[in-house]
Structure formats: C-alpha cells, structure tokens
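Open the model in your viewer and keep the selection box handy. We will go stop by stop.

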Amino acid sequence: MLCIHSGPPISVGGINIILPGGEGVVEWLELNVGHTGGSDLTKNMISGVFLYNNKGDCIISRIFRDDITRNVVDAFRVNVIHARHEVRSPVTNVGRTTYFHMKRGDLWLVAVTRLNSNAAMVFEYMTKFIELMSSYFGQFNELNVKNNFSLIYELLDEIIDYGYPQSTDPNVLKLLITQEGFNAAEKPTEEQSKITSQVTGQIGWRREGIKYRKHEIYLDVLESVSLLMGPLGPLNTHVNGSVRVKCYLSGMPDCKFGINDKIVMKDPRPVQPTDPTSKKEKKKKKPVSAAPIAIDDLTFHQCVKLGNFDTNRSISFIPPDGEFELMKYRTTQNIKLPFKITPLVHESGNKVSINVTLKAEFEPALLGQRIELRVPVPSVTSKVQARSDKGKAKYKPGENAIVWKIKRINGGRSAQLNAELELLQSSKKWARSPISVNFEVPFSCSGLEVKYLKIHERKIPYDDSGVLKWVRYISNSGSYEIRY
C-alpha cells in the first residue's frame with residue numbers, strides 16, 4: 001500500500017522514506033525493516049533479470065543494480081546452458097554471483113544477485129512474472145517474447161524497483177500498462193483516481209464499473225484422487241482438490257459460499273435409529289443431507305475475508321472478474337474410491353495367466369470416462385494374448401505392459417480383462433509392479449458438496465435469484481496404484 005505522510009525522510013538501504021513523526025517511527029522500522037541499516041531488505045533484492053533461448057542467446061536483459069555487469073550474461077551461458085554436465089540444481093553459484101534459473105519451454109528465465117537473497121522469494125517472483133507475461137500475450141515462448149520487447153521492459157520496470165520486487169497482480173498492472181502504450185498523464189482525473197484506488201486500495205483484484213447484461217457464475221469442484229492399495233487394503237489415500245470460479249457479475253458483488261465441511265457444518269449427519277419403525281413414520285422422514293467431511297488443509301484466494309471465516313466459519317468474498325481459483329484443500333478421511341480393482345495372477349512354468357476385474361463403485365446414473373489400466377508384465381515376455389469384455393486391451397512390448405482402455409462405464413457395472421503370457425527361460429524372479437489406473441468421474445470423491453452460494457450487490461439492482469449459478473464436479477486420478 002502506498003502511503004504519503006509528512007515527516008523527516010529516513011534512509012533505508014539507500015532509499016529515502018518519508019514517515020510520520022513521533023514515537024511510531026522507530027516501532028515501524030523495527031517491525032518492517034529490523035533496523036535502519038536495511039540488512040533485512042537485502043534478502044529480497046534482485047540485481048538483474050535475463051531471458052535466454054535454447055541456443056544461449058540473451059533476448060531480454062535488465063540490470064537493476066550496479067553490483068553486476070554484462071559479464072554475468074556470458075557466465076551463465078557457459079556454466080549452465082552450454083555446460084558439459086547436466087545442471088540439475090535451480091541455483092548456480094559462479095564466483096560471488098548467484099543465478100536463480102528456471103526453464104519454461106524453449107526459454108530460460110534467470111534472476112541474478114550478489115547478496116544472500118531469499119531463494120523462495122526469488123522463485124515466487126519468477127513464477128509470478130511468467131504468469132504475468134502469459135496474461136498479457138498468451139503462451140510464454142520465444143516468438144511471443146520477441147514480439148513484445150517493449151511491453152516486457154515496461155513490466156520489468158514496474159514490478160521491480162531498484163532490485164526490490166513490487167506488485168505482480170495482472171489486474172492492477174493492466175490498468176497501468178496496456179499493449180497500446182497506456183499513458184496515465186493523458187487520462188482524465190476521474191480515471192486516475194480509479195486506478196490509484198485500485199493500486200492502493202483493499203480490493204486490488206477487481207476494478208469498479210464492471211457491467212454484464214447476463215449475470216452468471218460457474219463453480220468447478222476439481223479433485224485429484226491418489227491411492228496406494230496393498231493386498232490387504234489401502235495403504236495411503238488422499239484427495240487434493242480445488243474450487244475454480246468463473247464470474248460474470250456486475251458491480252462489486254458480495255458472495256457467500258458454503259460447503260459440507262465439519263468446520264462449517266455445526267450439526268453432523270443424524271444416525272439412523274436401530275429400533276424398528278413403522279412404514280408411516282418412514283414416509284414422514286425427510287431426506288438426509290450430505291454427510292460432513294473433514295478437510296485437513298485449506299488455502300484461500302486473497303479475495304476471501306479470513307476474518308469472517310475465523311469468526312463464523314463462512315467463506316465470504318468479493319470475486320475477481322473472470323476465472324480464478326477460490327480455494328484449495330486436502331482430505332484423507334472417508335474418501336469414496338470410484339473403482340475397485342481385483343487382480344489375480346497364476347504362474348505355471350513359463351506361462352502366466354492374469355485376470356483383472358474392474359467394478360464401478362458409484363451410482364448407476366453416473367458415467368465414468370477415459371478409463372485406462374496399465375498392467376505390467378515380465379520383461380522376458382515373448383507372447384501375449386489379451387482380451388476384454390469391455391473396451392480394448394493391447395500389449396505394448398516397448399513398455400512391458402498391457403494397456404486396457406475403456407471409453408465409458410456406468411456406475412455399478414463391471415468389466416474383466418484376461419491375458420495369457422508366454423515367457424522366455426530366465427532365472428530372474430518376476431517383481432510385480434503395481435497396476436496404475438487413470439479415470440475421470442463426475443462427482444466429488446472427497447464428498448465435498450456445494451451447499452449454497454448467495455450473491456448480494458448493493459449498488460446495482462439485481463438480486464440473488466436473477467443470477468444463473470452452475471456447479472460441476474470432476475474427479476481425476478492422481479497416483480492411483482494397485483499392488484498385488
């Protein structure tokens with residue numbers, strides 16, 4: 001946040017900062033800097049940023065401090081890009097110079113410093129810089145970089161000030177820098193005030209004055225299911241999920257979002273009584289809602305009001321315009337496994353018989369898609385005959401595996417794979433590798449369910465009932481393996 005005060009200037013790391021007079025000056029410095037010497041600020045300092053292509057040509061070069069020279073460009077090319085040995089570490093030291101580098105496609109992004117900078121901060125900045133460039137001109141590749149030289153240099157000057165990283169929020173920067181060469185001095189005073197309020201205000205992710213004729217909001221609950229199944233049962237199971245939102249709402253809407261989480265839900269799902277009841281009483285009972293789930297980890301977007309969540313466990317937020325990730329979560333309890341895989345192997349001399357049964361463990365009305373099982377076979381396999389009652393099974397010698405693909409299957413259905421193998425003579429014992437499974441199912445394996453989404457806008461007259469709300473659940477396989 002940019003604050004302008006009257007008071008004596010104080011030098012911190014070579015920069016004059018004007019602070020309000022009084023006893024709060026020393027306390028502010030101790031909290032934000034450590035002391036007026038500025039040694040803590042140097043941990044967040046970058047001396048230069050460079051972009052290389054695969055040939056080692058430096059196509060973007062921006063030096064922010066005078067403690068490095070152009071010689072660092074050649075040093076990185078020789079010691080990393082054209083090195084005789086493979087460089088695996090993302091941090092390389094050449095003399096007293098440290099290179100933080102990451103490769104994306106055909107480009108190398110490099111940040112250089114001669115101080116003991118915070119590596120996590122530098123890599124976070126580099127990642128945000130790549131995302132920022134992608135938001136401006138799409139795919140991050142050499143051709144797009146060469147076509148947007150002036151834009152990239154403008155962005156570098158805006159997001160780094162004398163080596164210190166600044167804001168990398170695309171929504172804010174697109175108000176200051178446009179591809180047409182936006183000049184703030186030529187804009188009217190009212191427009192300048194809007195930009196200033198967004199850059200320095202509390203809601204920097206959404207600008208004012210957004211209008212849509214049709215108000216819609218889309219929620220996608222996306223989950224990745226990981227399983228390690230042993231012969232006696234599950235060894236490790238967890239779900240990594242995220243809630244992504246596409247928002248097309250006018251004004252500055254205040255949204256309230258609810259899920260069936262144990263943290264949010266006060267009353268758990270009632271347990272059915274064991275005593276027998278009459279048929280009339282059973283008909284009067286209302287259908288029970290979805291059971292609450294235990295979420296282990298939660299990470300929210302910056303738009304979520306954490307104060308409200310800490311107070312009453314409600315997820316309130318003013319959404320950014322367009323697409324964004326509202327929250328990420330992880331759960332390890334009461335996971336609904338979509339498929340049950342039962343492998344049977346019979347070995348007799350140089351012949352092996354493999355039988356794999358797949359059963360869809362979800363409701364018949366739902367449909368599992370893009371199912372693929374990869375069944376490893378011995379490396380000394382000479383002949384394979386594979387057949388399945390659903391989908392297609394094919395032996396791939398180069399991968400030493402039988403690949404079984406099923407386009408779609410309804411819940412409650414089963415499918416079977418039978419394979420007969422002939423092996424070459426070998427003294428090595430077959431070490432059975434686990435069966436890996438890929439799939440996509442249209443429900444939440446963690447049990448997470450969107451209970452409600454309320455929208456309220458004070459200034460623009462549209463109510464919650466006039467907003468179209470769409471919710472979609474998709475679960476994909478992570479590391480889903482069956483040992484046998």
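## Stop 1: Tyr162

Select Tyr162: this residue is partly exposed, with a relative accessible area of 38%. Remember as you look that the model is predicted. Tyr162 sits in the loop between β8 (160-161) and β9 (164-165). Check its backbone: Tyr162 has a positive phi of about 55 degrees, although it is not a glycine. Why look twice at that? Most residues other than glycine have a negative phi.

## Stop 2: Asn400

Now jump to Asn400. Asn400 lies in the loop between β20 and β21 (401-410). Asn400 is not a glycine, yet its phi is positive, about 50 degrees. Is Asn400 buried, partly exposed or exposed? Asn400 is partly exposed, with a relative accessible area of 28%.

## Stop 3: the whole chain

Clear the selection and zoom out. The protein chain has nine helices and 25 strands. Of its 484 residues, 40% are buried. Turn to contacts between residues at least 6 apart in sequence: 68% of them join residues at least 24 apart.

## Stop 4: two helices

Select residues 119-137, helix α3, and residues 149-159, helix α5. At what angle do α3 and α5 pack? The angle is about 140 degrees, and the axes are 11 Å apart. That makes α3 oblique to α5. The crossing of α3 past α5 is right-handed.

Next, show the side chains where the helices meet. From α3, pick Tyr125, Phe129, Leu132, Met133, Tyr136 and Phe137. In α5, their partners are Leu151, Ile152, Leu155, Leu156 and Ile159. What kinds of residue make up this contact of α3 with α5? Eleven are nonpolar, with no polar and no charged ones.

## Stop 5: three strands in a row

Select β6, residues 97-104. This strand is mostly covered, with six of its eight residues buried. As you follow a strand, keep one rule in mind. In a regular strand, side chains alternate between the two faces of the sheet.

Add β5, residues 91-94. β5 and β6 run antiparallel and are joined by four bridges. Find Val94: it stands opposite Thr97 in β6. The two strands form a hairpin with two residues between them. In that turn, Gly95 has a positive phi of about 65 degrees.

Now add β7, residues 107-113. How many bridges pair β6 with β7? There are seven, and the pairing is antiparallel. Phe100 stands opposite Ala111 in β7. The hairpin of β6 and β7 has two residues between the strands. There, Gly105 takes a positive phi near 65 degrees.

## Stop 6: the nine-stranded sheet

Move on to a sheet of nine strands. The sheet is open, and its pairing is mixed. Trace the strands in this order: β13-β15-β11-β10-β25-β23-β18-β21-β20. Which strands are at the edges? They are β13 (297-300) and β20 (392-396), and each pairs on one side only. Neighbouring strands of this sheet are turned by 15 degrees against each other on average, direction ignored.

Finish at the β13 edge. Select β13 together with β15, residues 322-331. These strands pair in the antiparallel sense over four bridges. Click Phe300, then look across to Met327 in β15, which stands opposite.

Technical notes:
Residues are numbered from 1 along each chain as its sequence is written. This is a predicted model: local features need pLDDT of at least 70, side-chain atom pairs count only at pLDDT 80 or more; totals for chains, interfaces and linings use all residues. Side-chain values use heavy atoms; hydrogens and water are left out. Axes are lines fitted to C-alpha atoms, for helices over the stretch in contact, and angles run from 0 to 180 degrees between N-to-C directions. Angles under 35 degrees count as roughly parallel, over 145 as roughly antiparallel, 65 to 115 as roughly perpendicular and the rest as oblique. A crossing is left-handed if the near helix is turned anticlockwise from the far one by less than a right angle, and right-handed if clockwise. Contact means heavy atoms within 4.5 Å. Ala, Val, Leu, Ile, Met, Phe, Trp, Tyr, Cys and Pro count as nonpolar, Asp, Glu, Lys and Arg as charged, and the others, Gly among them, as polar. Two strands pair if DSSP finds at least two bridges between them. Buried means under 20% relative accessible area, exposed over 50%, partly exposed in between (1.4 Å probe, protein chains only).
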